[in-house]
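Student: I should like to understand how descriptive terms are justified for a protein structure. May we work through one together?

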Amino acid sequence: MKDYGHRPVLVEEALAFLQASRPGLYIDCTIGLGGHALEILRRNPGARIIGFDLDELSLRAAARRLAEYQDRVKLFQLDFREMLDVEELVPFEEVKGVLADLGISSFQLDNPERGFSFNLEGPLDMRMDTRQKTTAEKILMTYPEARLAEIFKKYGELHHTRLLARKIASQRKLGLLKNTTDLKKLVEEVYRWVPQKNHLHPAARVFQALRIEVNQELKNLDVFLDRLVRKCLPGTRLVVISFHSLEDRLVKKAFQSLASGENGQPLVKILTRKPVQPSPEEIEANSRSHSAKLRAAERI
Ligand SMILES: C[S@@+](CC[C@H](N)C(=O)[O-])C[C@H]1O[C@@H](n2cnc3c(N)ncnc32)[C@H](O)[C@@H]1O
């Protein structure tokens, strides 16, 4: 499969859990470059897709890639967590499956202008939706030290975050924190980084934490899943792919709570007792898939 700068992860598994060969409507919460969507449309002539993404450039790329199937695709630049608030946007009685492949794509990560990668020099931006005002720079320049430390601890699961926040506060006063390289160097100093095989660069976690805060990635994810399930008809399949433990924990808890249901009446059946992870072959072919975890459930 041509990768268009982003290889979709766990494609066969996602399509199998979605039972994506059934005719009907599928919701792709995070269409990205349209990798999963393309496979659904290509293999199933009876499938239609409504796709969402916050990122305008990704949506444009997805539209070009899915052009052949344009009469079966509708795309919207919208936070998927808001789809339930827009009346008549999604006819839930027609929905057979919902996919959310969370996080960012390689297309975003590999563009230095977006500021997502600590390996590429660029502005401290990290917005998925460039219409949004809050950038990583704004957070780094304006958040109080204590709040910065909390974010790095909570979303980056890092140690010594007070020290890190103190260093950021002193560097920003001096105007020495201008781009991704400045931040990476600062992190390397604080953590006295020496490259070691099989050790994650501490900047990876710092950048992850900032990205989560900039895009409020974990906010209301569980609330969304709960509301979504209540809208879906029995038989609708939900598939969520996450890329870090905080996100996966939220999805796991949301599914568990829905499976316990109300008054002994479960709302979903969990289809993945343990999360499904990529095979060694997939990780070999696409190293960025290594942290992916897929969870699936069926509305009952
Ligand atoms: C991992 S990529 C999806 C890749 C896609 N499945 C493919 O095969 O090309 C995640 C995408 O979700 C988008 N995204 C993340 N959170 C979002 C949200 N809350 N609402 C809408 N889009 C979101 C990102 O901008 C990114 O394009």
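**Helix pairs, the core and single residues**

Tutor: Let us begin with a pair of helices in this predicted model. Helix 10 (residues 221–231) and helix 11 (residues 245–260) have axes that come within 9 Å and cross at roughly 35°. The crossing of helix 10 past helix 11 is right-handed.

Student: Which residues in helix 10 and helix 11 meet?

Tutor: From helix 10 come Leu 221, Asp 222, Leu 225, Asp 226 and Val 229, and they meet Glu 247, Leu 250, Val 251, Ala 254, Phe 255 and Leu 258 in helix 11. Sorted by class, this contact has 8 nonpolar, no polar and 3 charged residues.

Student: What makes helix 8 and helix 9 oblique to each other?

Tutor: Helix 8 and helix 9 pack at an angle of about 125°, and their axes are 9 Å apart. Angles of 65 to 115 degrees count as roughly perpendicular and those over 145 as roughly antiparallel. The angle of about 125° belongs to neither range, and helix 8 and helix 9 are therefore oblique to each other. Helix 8 passes helix 9 in a right-handed crossing.

Student: Which residues make the contact of helix 8 and helix 9?

Tutor: Helix 8 contributes Thr 180, Leu 183, Lys 184 and Val 187, while helix 9 contributes Pro 202, Ala 203, Val 206, Phe 207 and Leu 210. These residues divide into 7 nonpolar, 1 polar and 1 charged.

Student: Why is helix 1 called oblique to helix 2?

Tutor: The axes of helix 1 (residues 11–18) and helix 2 (residues 35–43) come within 10 Å and cross at roughly 60°. An angle under 35 degrees would count as roughly parallel, and one of 65 to 115 as roughly perpendicular. The value of roughly 60° is in neither range, so helix 1 is oblique to helix 2. This crossing, too, is described as right-handed.

Student: What residues meet between helix 1 and helix 2?

Tutor: Val 11, Glu 12, Ala 14, Leu 15 and Leu 18 in helix 1 meet His 36, Glu 39, Ile 40 and Arg 43 in helix 2. The contact of helix 1 with helix 2 comprises 5 nonpolar, 1 polar and 3 charged residues.

Student: How many residues has the largest nonpolar core, and which have the most contacts inside it?

Tutor: The largest nonpolar core has 35 residues, and Leu 140, Phe 152, Leu 164, Ile 168 and Leu 183 have the most contacts inside it. At least two residues of this core are supplied by each of helix 5 (136–142), helix 6 (145–156), helix 7 (161–173), helix 8 (180–190) and helix 9 (202–215). Helix 9 provides the largest share, 7 residues.

Student: How do you know whether Met 83 is buried or exposed?

Tutor: A residue is buried if its relative accessible area is under 20%. The value for Met 83 is 1%, so Met 83 is buried. Met 83 lies in the loop between strand 3 (73–77) and strand 4 (95–101). Not counting residues up to four places away in sequence, Met 83 touches Ile 27, Cys 29, Phe 52, Leu 78, Leu 89, Val 90, Phe 92 and Phe 224.

Student: What makes Leu 33 count as buried?

Tutor: The relative accessibility of Leu 33 is 4%, and Leu 33 therefore counts as buried against the limit of 20%. Leu 33 is placed in the loop between strand 1 (24–28) and helix 2. Leu 33 and Leu 66 are 33 residues apart in sequence, and their C-alpha atoms are 9.2 Å apart in space.

Student: Why is Asn 286 called buried?

Tutor: Asn 286 has a relative accessible area of 13% and is therefore buried, the cut-off being under 20%. Asn 286 is located in the loop between helix 12 (280–285) and strand 7 (293–299). Apart from neighbours within four places in sequence, Asn 286 is in contact with Arg 7 and Val 9.

Student: Why does Arg 192 count as exposed?

Tutor: Exposed means over 50% relative accessible area. Arg 192 has 73% relative accessibility, so Arg 192 counts as exposed. Arg 192 is in the loop between helix 8 and helix 9, and has a positive phi of about 45° although it is not a glycine.

Student: How do you know that Asn 198 is exposed?

Tutor: Asn 198 counts as exposed because its relative accessibility is 77%, set against the limit of over 50%. Asn 198 lies in the loop between helix 8 and helix 9. The phi of Asn 198 is near 65°, a positive value in a residue other than glycine.

Methods:
Residues are numbered from 1 along each chain as its sequence is written. This is a predicted model: local features need pLDDT of at least 70, side-chain atom pairs count only at pLDDT 80 or more; totals for chains, interfaces and linings use all residues. Side-chain values use heavy atoms; hydrogens and water are left out. Axes are lines fitted to C-alpha atoms, for helices over the stretch in contact, and angles run from 0 to 180 degrees between N-to-C directions. Helices (H or I, at least four residues) and strands (E, at least two) are DSSP runs, numbered from the N terminus. A crossing is left-handed if the near helix is turned anticlockwise from the far one by less than a right angle, and right-handed if clockwise. Contact means heavy atoms within 4.5 Å. Ala, Val, Leu, Ile, Met, Phe, Trp, Tyr, Cys and Pro count as nonpolar, Asp, Glu, Lys and Arg as charged, and the others, Gly among them, as polar. A nonpolar core is a set of buried Ala, Val, Leu, Ile, Met, Phe, Trp, Tyr and Cys residues joined through side-chain atoms within 4.5 Å. Buried means under 20% relative accessible area, exposed over 50%, partly exposed in between (1.4 Å probe, protein chains only).
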